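Please open the structure in your viewer and keep the selection tool at hand. The tour below proceeds from one selection to the next.

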Amino acid sequence: MTEHTKTDGLPGLEPPLQVLERSRPRHERMAANKIECNACPVLCQISEGKTGACDRYANANGALVRVDPVVLLRRTLGRDDARLVPFAPAGRPADEAMTDGAGSADEALADGEVFVTGIGSSTTYPDYKPAPFIVSTQVDGVDTVTVVTEGIFSYCSMKVKIDTDRFLGPEQANVRCRGEVVGHVSTAEYGSQMLSLGGVHHLTGGSKKEGRVTLEMMLALGNKGPVELTIDGGSQVVVQAGRAPIVNGVEEQRMRVGCGSATVGIFAKQLFGHVDEVVVVDDHITGVLSEHQAGRCLDMKASGIRMRGRKSTPGRYFQVANPGTGWGGTDLVEPLSVIEGWDPAVAWPGLRLLLTSTTGEHAAWYVLDADLVPVEAEMPAAVRAVVQRIGENCEPSLSTVLFLAGAGGSLRAGVTENPVLLTNAIKRAQVNVTLGGAPAYVWPGGGITVMTDVLRMAEGSFGTVPTPAIVAPIEFTLRLDDYRALGGHMDHVRTLEQALRSGAWHHDGAPTARRWAAPLAANPWPLGQGPVLG
């Protein structure tokens, strides 16, 4: 009798899909006291008690852990609540880790009082895993869910707005950090100069050093630290979010009240009767009051002034000087050089002339002598008061740093098995997108391109991986029913209570503790809010 042993094709014997929480080591020669970190493509082999190249993951007694605690925002935060609280280890009664030592966690479970941020939460890499925290809670009686992760962003940049009249550099000029090109000068805006820093081209498209310096520069700016930059053909500038820029060693004070034309118009009536002519020197539009529409409306007498530069419209002149760090963002040290001369048939001895910059930081008073030559004199008190008012109307000069990132890629798989549904839900305003609890502006068009002010994010929100790429928190909050409808990972939805007790759903590379933080007063509470859509 023949014995049959072939089983091919028999039902129920197909090998099951095996999803490992961590992959097997790349080779068997790895030392026994090391573990391979799976949290990013670098795959560091970490010895016991050490951290990986990113300093974010460590080998703690043979287990891979996220070094930093996950940060939770709490609307009402007591003085004793900010302590670090460990999560309950697997198998341990959860109540021991729930009390916070102050019994405060029970109160925190009240509707909508707690928001789990992506800061310290760990990541979804290699991108088929559900997000580490998918937390359900109620907001005004509505079941919601917040999907939380730390995104690894190669496609990201910093947009920097520098409030200054000083010339920083020509548009498209390279911006350097420690000699490496890390961005470029973008367009000038009203009273500000824009820089575009970082981006995938500099992170991965150049030399290894360029990528490393770009990454360090972006990390410092994102975490609200200072960065020194030099611009080809321009200035050296120190930038720090929320601080005044320092241009060529001088801290900027004022953002201009407007261009020369706007300044003439704003203060025309206040100067009328005290002056015969006003010239507001500006890098973009230099204003001349008697020719300007404001002067015409005041029926001012023509002064006979002849200006240098290119006349745009009456009383508005372009290119009276080169850009610089002198009067009104020009290279002028002697402001009279913008005046070509006077029409002797119109001008008269004794004509009173005010020259000022758009910030009022530079101002001078002249009277024409018998030869129609301006002679500097002491400025009358009434005129000086207007110049001071120009200064009063200038807002403080600041540096603003916006983080811009494309989140339309793989991290969406941590939210849903069909990633495009998340994108579509955001565009339908069903999903609020925040970064570390800070509101994010969602750009129009395809994908999920978000932008937020780093000052609105919690301290230390940004990290790096040496691929190189920036690590930043991101959260998606929506109704639980909508989450189910877009194919969310419902098997990994956990209540806030569960998340407070034992942390992330996974155990490999998860944070071991949580930390409370108070939300910034300027930020709307992220739960129950719609997205900021473009």
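Two strands are said to pair if DSSP finds at least two bridges between them. The model on display is a predicted one.

**First stop: strand β24**

Select residues 352-357, which form strand β24. This strand is mostly covered, with 5 of its 6 residues buried. Now add residues 277-281, strand β18. The two strands run parallel and are joined by 5 bridges. To see one position of this pairing, display E277, which stands opposite L353 in β24.

Next, select residues 363-368, strand β25. Here, too, 5 bridges make the connection to β24, but these two strands run antiparallel. Within this pair, L355 stands opposite A364 in β25. Follow the chain through the hairpin of β24 and β25, where 5 residues lie between the strands. In that hairpin, G360 takes a positive phi near 75°.

**Second stop: an open sheet**

Select β3, β4 and β35, and colour each strand separately. Together these 3 strands form an open sheet in the order β3-β4-β35, with mixed pairing. Which strands stand at the edges? They are β3 (57-60) and β35 (510-511); each has a single partner strand, so one side of each is left without a neighbour in the sheet. Focus next on β3 and β4 (residues 63-66), which pair in the antiparallel sense over 4 bridges. Display Y57 and its bridge partner in β4, R66.

**Third stop: P41**

Select P41, in the loop between β1 (34-36) and β2 (45-47). Is P41 buried, partly exposed or exposed? Its relative accessibility is 41%. Buried means under 20% and exposed means over 50%, so P41 counts as partly exposed. Now add P126, which is 85 residues away from P41 along the chain. The C-alpha atoms of P41 and P126 are separated by 7.8 Å. Not counting residues up to four places away in sequence, P41 touches Y125 and T467.

**Last stop: the nonpolar cores**

Select L197, L229, F403 and F476, the residues with the most contacts inside the largest nonpolar core, which has 58 residues. Centre the view on F403. Leaving aside neighbours within four places in sequence, F403 is in contact with several residues, including F153, M158, L435, V450, F462 and I470. Apart from this core lies another, of 21 residues, among them V288, M307, A321 and A364. A364 has already appeared on this tour, as the residue of β25 that stands opposite L355.

Key
Residues are numbered from 1 along each chain as its sequence is written. This is a predicted model: local features need pLDDT of at least 70, side-chain atom pairs count only at pLDDT 80 or more; totals for chains, interfaces and linings use all residues. Side-chain values use heavy atoms; hydrogens and water are left out. Buried means under 20% relative accessible area, exposed over 50%, partly exposed in between (1.4 Å probe, protein chains only). Contact means heavy atoms within 4.5 Å. A nonpolar core is a set of buried Ala, Val, Leu, Ile, Met, Phe, Trp, Tyr and Cys residues joined through side-chain atoms within 4.5 Å.
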